[in-house]
Amino acid sequence: MEFLTAFFGAIDNLTWGWALIPILVVFGVFLTIMSGFVQFVFFRRMFRVLGRGANNADPNAISAREALLVSVGGRVGGGNIAGVAVAITLGGPGAVFWMWAIALCGMATSLIECTLAQLYKTRDGEGGFRGGPAYYIRRGLGGRYNWLAIVYGICLMASFGFGFNAFQGNTMAGALHDSFGIDRLWSGIVIVAVTALVIFGGIKRIARAADVVVPVMALGYIAVAILVIGLNIADVPDMLVRIVRSAFGFDQAVAGGMGAAIAQGLRRGLFSNEAGLGSAPNVAATALVRHPVSQGITQSLSVFIDTMLICTCTALIILLGDVYVPGAQGIDGVALTQQSLASHLGDAARYLLTLAILLFAFSSIIYNYYLGENGLAVMTRSKPAVLALRLAILAMVFLGAAAPQATSVFFFSDPMMGLLALVNLIAIIMLFPVAMRVIDDYRTQLKAGVARPVLHPARFPDLDIDRKAWDPTVWK
């Protein structure tokens, strides 16, 4: 056990300790510049998918909007409530500014990785699609990198499928116990039962559940934040100035000043929006779309929703209240957000936040499950293996809910996610020229007057694209 702890601790130090966050920041800036600020060029197109339902070409397929909502449900979690509060406590109001900055750069990273996921997706034998970093490693980089795809699959399954789902189960049961006094054992049973109803239906049922849960979750939380802003509208301009001044060290809000603001904003922003970590591309690949870039654009929007909308809502609730005191110790995480919301709307608002936590955590559980299944698919797609994985993940959710102290067993989750991100970033940089070719094809069609560009595999004869997944005649 000591050896394992030391081993995963070393991985954690090599990734999250000093290397990964600077690399992700540099990558985000690099991809933004080299792609011609693609996230801003296509910004208006991001919102078009929200009004579209299922694709006419295949009503049983996962639509672009459904894939977006599954991704939003996964990205938006406890970090949007507790993580933002921790960032403000340790980095001051300026941390919010740097969360915004990394999200804007991360939108380009997400667009690139999700475009690649779509380009190299394959038919899964059940009429749907599978894809993600493991697939663009295998098909894009070639068979000699198969070992890297397997490393990715193992890390994905272990971190998201097992570790993070135990933590989400713990979050849900803890919220129910603290707010309503419900015993963790009973909470665990109910959470597992509801989760089983969703995950045993596969990605289609997961997408349908996200289509209901995520809009309620996101719009409800945004509505609460708008109410708080309305009650404190006179203080908003000063608060925004305070965020900017603190971000550049003009207001010494906490020890460490500007350095603390940058470190906490970047770290919490990356943890929250997951851009570049290689998780969201697994879901992005499931959608039936006309062109890979269209889904890349759509997934870029999920980063915007996660950080620029949901995280900002939490920041406004905290900073417009009177509970947060710069440099003070003792209140942070969920407690700070809860008390801040109660200061605006009364003690009953705590129950609203509990409901938000429950929805955020549940949407993350079903998202994490699919990531775990996709990690398993890198190695095997046998039905007994999938069944065993589902049962194991349900057991992890129950363990996290009923025995909170057991979550310490999953100390490997963060290190495995760090390794996962490094593998993904290596693949992205090696396949960046391919991604730019596909983006240029999309731009060329737009310039030629094509309202909704279509990928024609014949234009990329040198790429190992699954032609069955990209039949342009479907869209004629």
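# A tour from helix to salt bridge

Select D238. This residue is exposed, with a relative accessible area of 58%. D238 sits in helix α12. Keep in mind that you are looking at a predicted model.

Now add G132 to your selection. How far apart are D238 and G132 in space, C-alpha to C-alpha? The distance is 43 Å, and the two are 106 residues apart in sequence.

**Stop 1: V236**

Stay in α12, which covers residues 236-247. Select V236, which belongs to this helix. Is V236 buried or exposed? V236 counts as buried, at 14% relative accessibility. The cut-off for buried is under 20%. D238, in the same helix as you saw, counts as exposed at 58%.

Next, show what V236 touches. Leaving out residues up to four places away in sequence, V236 is in contact with I229 and L320. Draw a line from V236 to L320, C-alpha to C-alpha. The line spans 7.5 Å, although 84 residues separate the two in sequence.

**Stop 2: helix α2**

Select residues 20-34. This is helix α2, with 15 residues. From its first C-alpha to its last, α2 reaches 20 Å. That is close to the 21 Å expected at 1.5 Å a residue.

Which residues of α2 are buried? Colour L20, I21, L24, F27, G28, L31 and T32. Then turn the view to look down the axis of α2. The buried residues fall within an arc of 125 degrees, so they line one face of the helix.

Move just past the end of α2 and select G36. Here G36 takes a positive phi of about 75 degrees.

**Stop 3: the nonpolar patch**

Go back to α2 and select V29, which lies in this helix. V29 counts as partly exposed, at 36% relative accessibility. V29 is one of the residues that make a nonpolar surface patch of about 960 Å².

Add the other members from the first part of the chain: V26, F30, I33, M34, F37, F40 and V41. Then add I426, I429 and M430. Show the surface of this selection.

Which helix gives the most to the patch? That is α2, with five residues. Helices α2, α3 (38-41) and α19 each supply at least two residues.

**Stop 4: helix α5**

Select residues 64-75. This is helix α5, with twelve residues. Its reach from first C-alpha to last is 16 Å, close to the 16 Å expected at 1.5 Å a residue.

How many of the twelve residues of α5 are buried? Eleven are, so α5 is largely enclosed by the rest of the structure. Colour them to check: A64, E66, A67, L68, L69, V70, S71, V72, G73, G74 and R75.

**Stop 5: salt bridges**

Side chains of opposite charge can pair when their charged atoms come close. How many salt bridges does the structure hold? There are seven.

Begin with R139 and D464. They form a salt bridge, with the closest N and O atoms 3.2 Å apart. R139 lies in helix α8 (residues 133-141), and D464 is in the segment after α19 (413-447), so the pair ties together parts that are 325 residues apart in sequence. R139 is partly exposed, with a relative accessible area of 24%. D464 is partly exposed as well, at 41%.

Now select R437 and D462. In this salt bridge, the closest N and O atoms are 2.9 Å apart. R437 lies in helix α19 and D462 in the segment after α19, so this pair ties together parts that are 25 residues apart in sequence. R437 is partly exposed, with a relative accessible area of 34%. D462 counts as exposed, at 53% relative accessibility.

Move on to R350 and D347. They form a salt bridge too, with the closest N and O atoms 3.9 Å apart. The cut-off for a salt bridge is within 4 Å. R350 is partly exposed, with a relative accessible area of 32%. D347 counts as exposed, at 56%.

For the last stop, select R130, E373 and R390 together. What links them? These residues are joined in a network of salt bridges.

Methods
Residues are numbered from 1 along each chain as its sequence is written. This is a predicted model: local features need pLDDT of at least 70, side-chain atom pairs count only at pLDDT 80 or more; totals for chains, interfaces and linings use all residues. Side-chain values use heavy atoms; hydrogens and water are left out. A salt bridge is a side-chain nitrogen of Lys or Arg within 4 Å of a carboxyl oxygen of Asp or Glu. Helices (H or I, at least four residues) and strands (E, at least two) are DSSP runs, numbered from the N terminus. Buried means under 20% relative accessible area, exposed over 50%, partly exposed in between (1.4 Å probe, protein chains only). Contact means heavy atoms within 4.5 Å. The expected span of a helix is 1.5 Å times one less than its number of residues. The arc is that of the directions from the helix axis to the C-beta atoms. Patches are made of residues with over 30% relative accessible area and no salt bridge: like charges are joined within 9 Å, nonpolar side chains (Val, Leu, Ile, Met, Phe, Trp, Tyr) within 5 Å. Accessible areas come from the Shrake-Rupley method with a 1.4 Å probe; for residues, only the protein chains shown count as cover.
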